[in-house]
Amino acid sequence: MIKHVKIVLNFFGSVILWPLKYLVPKKDIILMRCCEPDVYCDNTRFLFEYLSENTKYQVYWLTISQRVKDYLDNRCLRYLDPRKKIYILWMTLRTKIIIESGDSYFNPFKLSDNHITVKISTMHGSGLKIAHMRTDNLSRTILPITRLNRFDYCNFTSKYTCTWVAKRLYLLPTKKILKIGYPRCDFFFDIEFVNERYKKKEFSRVMAPNLSLIHI
């Protein structure tokens, strides 16, 4: 019953607010998030922190997690809580760019479905599961393809993934395909950073506390 009520409310809300997504002027606002509203990770996290310091745009992370909010407050980074309905609708109406890491974007009452707001997917991987997707049942194949094609741009990591994943699996037109790599991997190009992290082996020691007793 609740599910049906939400569907009806979303339908009428979309109809009532439809003119506003074209009439309200877009500002220099970027909304970003990753796969879950209480998680802070993946390509969008690294891109968010970079853009927050290196662009004129007002960049906001969408989250419902208090732990994530506390972290962002300590870093003096902006965020929005999607549960604050009125304010989030106003911000969405004024948003110029939406960046996600998956195959769907933030779209309350379909306000982001317009030709003005630019929707970008950084993507979060192109592993074997993607190739398997096309051999699975029809509904699981069509849904992600349909959702991803609603983006204006989708990011991949190589000529191979652009051809075999973007074009042949997701059926994306060439104009929507970007090849700029994954933001989460950019720090690998910093040799000093990589060497320092390799020496400390911080992650390995957390996963295996007795690693310090082993000569590596």
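Which residues does Asp81 touch, not counting residues up to four places away in sequence? In this predicted model, Asp81 touches Thr63, Ile64, Lys69 and Ile88. The residue lies in the loop between strand S3 (79–80) and helix H5 (85–94). Its relative accessibility is 9%, under the 20% limit, and Asp81 therefore counts as buried. A polar contact is also formed within this region: the side chain of Asp81 reaches the backbone nitrogen of Arg83 at 2.9 Å.

The surroundings of Asp81 belong to a protein chain of 216 residues, of which 38% count as buried. The chain contains 10 helices and 7 strands. Among contacts with a separation of 6 or more, 58% are accounted for by residues 24 or more positions apart. The accessible surface of the chain comes to about 14,000 Å², and carbon and sulfur atoms contribute 62% of that area.

The 7 strands form an open sheet in the order S3-S2-S1-S4-S5-S6-S7, and the pairing is parallel. Strands S3 and S7 (177–179) stand at the edges with a single partner strand each, so one side of each is left without a neighbour in the sheet. Within this order, strand S1 (residues 29–32) is flanked by S2 and S4.

Pairing between S1 and strand S2 (residues 58–62) is parallel and extends over 4 bridges. Gln58 in S2 is the bridge partner of Ile29. The connection from S1 to S2 passes through helix H3 (residues 42–54), and the resulting β-α-β crossover is right-handed. With strand S4 (residues 97–100), S1 pairs in the parallel sense over 3 bridges. In that pairing, Met32 stands opposite Ile99 of S4.

The side chains of S1 are directed to two sides of the strand: Ile29 and Leu31 point one way, whereas Ile30 and Met32 point the other way. Residues of both sets are buried. Ile29 and Met32 thus appear both among the buried residues of S1 and in the bridge pairing, Ile29 with Gln58 and Met32 with Ile99.

Charged side chains were examined next. The count of salt bridges comes to 10. One of them joins Lys96 and Asp28, with the closest N and O atoms 2.8 Å apart. This pair links distant parts of the chain, 68 residues apart: Lys96 is in the loop between H5 and S4, and Asp28 is in the loop between helix H2 (20–23) and S1. Lys96 counts as partly exposed at 26% relative accessibility, and Asp28 is also partly exposed, with a relative accessible area of 26%.

A further salt bridge is formed between Arg75 and Glu49, for which the closest N and O atoms are 3.6 Å apart. Here too the pair links distant parts of the chain: Arg75 lies in the loop between helix H4 (66–74) and S3, while Glu49 lies in helix H3, 26 residues apart. The partners fall into separate accessibility classes. Arg75 is partly exposed, with a relative accessible area of 36%, whereas Glu49 is buried, with a relative accessible area of 15%. Both residues also take part in a network of salt bridges that includes Arg45. Glu49 thereby places one member of this network in H3, the helix through which the chain crosses from S1 to S2.

The side chains of Arg147 and Asp103 likewise meet in a salt bridge, at 3.0 Å from N to O. Arg147 lies in helix H7 (residues 138–148) and Asp103 in the loop between S4 and strand S5 (118–121), so the pair ties together parts that are 44 residues apart in sequence. Arg147 is partly exposed, with a relative accessible area of 28%, and Asp103 counts as partly exposed at 22% relative accessibility.

Local features were also found at the two ends of helix H9 (residues 191–200). At the start of H9, a side-chain oxygen of Asp190 reaches to within 3.3 Å of the backbone nitrogen of Glu192. The helix is followed by Lys201, whose phi is positive, near 50°.

Conventions:
Residues numbered from 1 in each chain as written. Predicted model: local features only at pLDDT ≥ 70, side-chain atom pairs only at ≥ 80, totals over all residues. Heavy atoms only, no water. Buried < 20%, exposed > 50% of the residue type's maximum accessible area, 1.4 Å probe, protein only. Pairing = 2+ DSSP bridges. Right-handed = clockwise from strand over helix to strand, strands pointing away. Polar contact = N/O pair within 3.5 Å; in protein donor to acceptor, adjacent residues only side chain to side chain. Contact = heavy atoms within 4.5 Å. Areas by Shrake-Rupley, 256 points an atom, 1.4 Å probe, with all protein chains shown as cover. Salt bridge = Lys/Arg side-chain N within 4 Å of Asp/Glu carboxyl O.
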